[in-house]
Amino acid sequence: MSILFDSEKKIFKLDTAGSSYVIRVDKNGFLLHLYYGAKIPDVNLPDFEKRCRYASFSATTPEADGDYWSGFTPDTWPFEVGCNGCADMRTASLQIRNADGNAATDVRYVSHQIYAGKPGIPGLPALFANEESDCETLEILTRDETTGAEVTLVYTVFEKLSAMTRSLIVANASEKAFEIERVMSFCMDMNSCDYDLISLYGRHMKERDFARRPLSHGVQGVYSRRGSSSHAQNPFIALIGRGGNEEYGEAYGFNLVYSCNFSAIVDVDYNNSSRVMMGINPDDFGWTLQPGERFYTPEAVLVYSDAGLGGMSRTFHRLYNRHLVRGEWAHKKRPLLVNNWEGTGMDFDDEKLLAIAAWAKETGLEMFVMDDGWFGKRDDDTNSLGDWVVNEKKLRGGIGSLISRVKALGLKFGIWYEPEMISPDSDIYRAHPDWCVHVPDRARSLGRHQCVMDMTRADVRDYLFNIMSEVLANNDIDYLKWDFNRNITEAGSALLPTEKQKEFYHRFILGTYELMDRITKAYPHLLLEGCSGGGGRFDPGILYYAPQSWCSDNTDALSRIDIQFGTSLCYPASMQGAHVSASRRTSYETKRNVAMWGTFGYELDPAKISEEDRAVIKTQIADYHQYYDLIHYGDLYRLICPWDDPYRAAWAFVSEDKTEFMFTVVVKLYMEARNFFLKMKGLDPDKRYVCEETGEVFSGALLMNAGLSLFRYPNGDGESFALHFKEATTCK
Ligand code: GLA
C-alpha cells in the first residue's frame, strides 16, 4: 500500500520508493500540505502547518471567530488548493466566479477514496498504469457549500518511481451556472524558499536552454500564451536546493501533460514559504460550467529526487518510457530513417525521392520519410496547407506508386502532415474561409504565410480525418510527422457563442487531441513523430500520441548539444528526434555521436555530399543497432553539462543492471590544457569493465573516483569520441 489514511489524525501519506507526500485534513475541512520530500516513516507531523504565530492583516477563517492568537490564518497555512478571495491572499490556484458575480471560492473536505490503478482523463492525454499494481490513486472530494462547486483532487502514486501525478475535476452540483476562471492542476505550499528555479526557455533553432535563478519573494515562473506549449518555455520547471547540482541535493521536477497555454508559478510569501503550481494559463481563459457538468484539468507530473537533477531526470525518463508511450511503439524498435527535408526542401519529384530511398537502402537505413511539399501545388510555404491531395506533377503516378516503389526497395515509408494549418491560398480556405481561427472584423495575422485551422469545430476535424484517411487508409504508410508551424493569434471560433469564446484555447487543444486520438486508433501501426518548427511542441501531451518528437530544426551537432542536454532534463532519449545532417561544422563522426542520443536518422540528400562522407555514413549504422537498447532504455548521466562548461560536453548511458555503458565526449572549443580526467557516474564500483575499443580493464570504483585520463583522445574544435564498456567476466 503506497497511500495510507490515518483516520485519527486525518492524515494522508503518499509514499513512493524514495518520497513521501503528506496531507492533513484540519478540523474545518481545509486540505493542508504538510510535507513533500525524501521518504519518511512518520505520520505524526505536529504543527507542520503553523508557519507563524500571529499575522497582522491576515484574516482568520470565520470558524476561528477572530482568534488570531491560535496561530492560524489561511494566509499563512500550507494548502493543497489555493482558494481565491477568502482569507488566503496568495496567488490562487482555484477561482470560480459564481452565479452572484463574485469570485470568492472556498472548498473543504467531504470524503475520499483510495484505489489501485490510475484513471484516465476524458479527452486529455495522461500517464497510465500498465498493471493495476503499478499505481495507487487517492481522490479527495471537496465542496464549496456556498456555490455548490465540487472539486475532486486526484493523486496517483507510482510507487516504484518516486513520481506522482495530480489533477482536478470541477463539478457543478448547484442549480446555476458558474464560471471557472482559474484552475491549476496542482498547488503545493512548500515550507521553504531556499531553492533555485530551473526552467527551459528557447526559440526556434535553440530550444530548451537551461535557466537557473534563485527564488526570491514575489511571483516568478514561466508560461505560454501562444496556443501551444511553445519554443519559448517548456511546460517544465524544477526546484533544486541552493547548493544542489547534477548529483547532489534535493530536486523537485514538475511537468504538465498539456500542449497549449500553460502557467507554472512559484509565489514566495512573507513567511518564506513557496507556493508552487502549474496548469492551464488563466490569462484569456474561462470555462462556463452548467449544473451537472464537469471540467477536467490536464495532469501535472511531480518527481522528487535526493540525487540532484540527474536523479530527477532518470526518474522522468523511466516514467515516460513506461507510462506515457502507448501501443506497439512502447516496446518496438524505432526505424532508422532518412528524411528529405534538409536535402531537397520542397524541390523534389518522385525520381529524386527514389534516389534518396535507394541510397538509404544501400546504406542500411530502414525508412524513407517524405517531408513537406508533396500535396496541392506546394513548391514553397505560401500555399496549399489543408489541400492534402497529392501533387501528381511532382509525384508522377500518384502517391501509391511512390510508396510501392519505396516498399519494393525493402524500406518503410513515412509522410509529413501539418493538419492544424490552412493556407489562405488553398482550395479549402477558398471554400471555407471561416474554418480558420479568427475573430470577426479583425485582420488575420499570418505566420509562415499560414492560418490555423479551427480545431474546436467538429466539421473541421471530420474533414481532416477523412482527407488524411484517403491517403493513410489506401496506402501502406508506417510513420507520420505531425507538424505545427506557427502560434495562434486572434484566438476565436466562428461557431462558439460569445460567452464561450474564452474557452477557445482549451477547446482548440482538445480538438487536436481528439484528432490525434482518432488517427492513432484508426491506424494503430502508424508511428507518429511530433514536430513544431523543430521542438516547439515538445511536451508530454503530444508525446502521449506521438512517442517521439523532432527536437529542433537546428541540426548542427555543436548547437544540438545544448538543445539535447536541456531536453534531457525531463524527456528520455527515446523521445528526442535527432538526425545527422549535412549542416556546417564538425565531422560526420561528431554528427553521429551527437545524433545517437535520440531517435537516430539522417536528413540529407546523398547526391550533395562527397563519396567519402557517404562511405563514413555506411560505417555508422551497425553502432546504432548495437547500442539501441542501452541508449533508449539505459540511465542517462550528464557528465559535463554545457551550462557548467563551455569547452566540453560529456554524457553516458549505463544499462539498468550496470553491466554495460558508453560515454561520449564532444570538444566544443579547443582547450590548450590537456590534463583531463573524466569521472564516470552510476557504475557498480565492484564490477570490472572492459573497454571495447582498447581492451583495457578498469574497476567501476576507479572509473568513478579516479576517472579516466583522456590525454590520448581527440581534443580539437568540434572533435568527439565515444567509448563502450562491458562488464569483464574473465579478466581480473
Ligand atoms: C518544420 C519542421 C521541418 C520541416 C518543415 C517543413 O520547420 O521542423 O523539419 O518539416 O517544417 O516545412
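User: In what order do the 4 strands of the open sheet stand?

Analyst: In this predicted model, local features need pLDDT of at least 70, side-chain atom pairs count only at pLDDT 80 or more, and totals for chains, interfaces and linings use all residues. Residues are numbered from 1 along each chain as its sequence is written, and side-chain values use heavy atoms, with hydrogens and water left out. Strands are DSSP runs of E with at least two residues, numbered from the N terminus, and two of them pair if DSSP finds at least two bridges between them. The pairing in this open sheet is antiparallel, and the order is β1-β2-β3-β4.

User: Why is one side of β1 and of β4 left without a neighbour in the sheet?

Analyst: β1 (3-6) and β4 (31-38) stand at the edges of the sheet. One side of each is therefore left without a neighbour, because each has a single partner strand.

User: Which residue in β3 stands opposite Ile 11?

Analyst: Strand β2 (residues 11-15) pairs with strand β3 (residues 19-25) in the antiparallel sense, over 5 bridges. Opposite Ile 11 in β3 stands Arg 24.

User: Which side chains of strand β35 point to one face and are buried?

Analyst: Buried means under 20% relative accessible area, computed with a 1.4 Å probe on protein chains only, against over 50% for exposed and in between for partly exposed. The side chains alternate along β35 (residues 688-691), where Arg 688 and Val 690 point to the other face and are not buried, while those that are buried belong to Tyr 689 and Cys 691.

User: Which residue in β38 stands opposite Cys 691?

Analyst: β35 and strand β38 (residues 720-727) run antiparallel and are joined by 3 bridges. In β38, the residue opposite Cys 691 is Phe 725.
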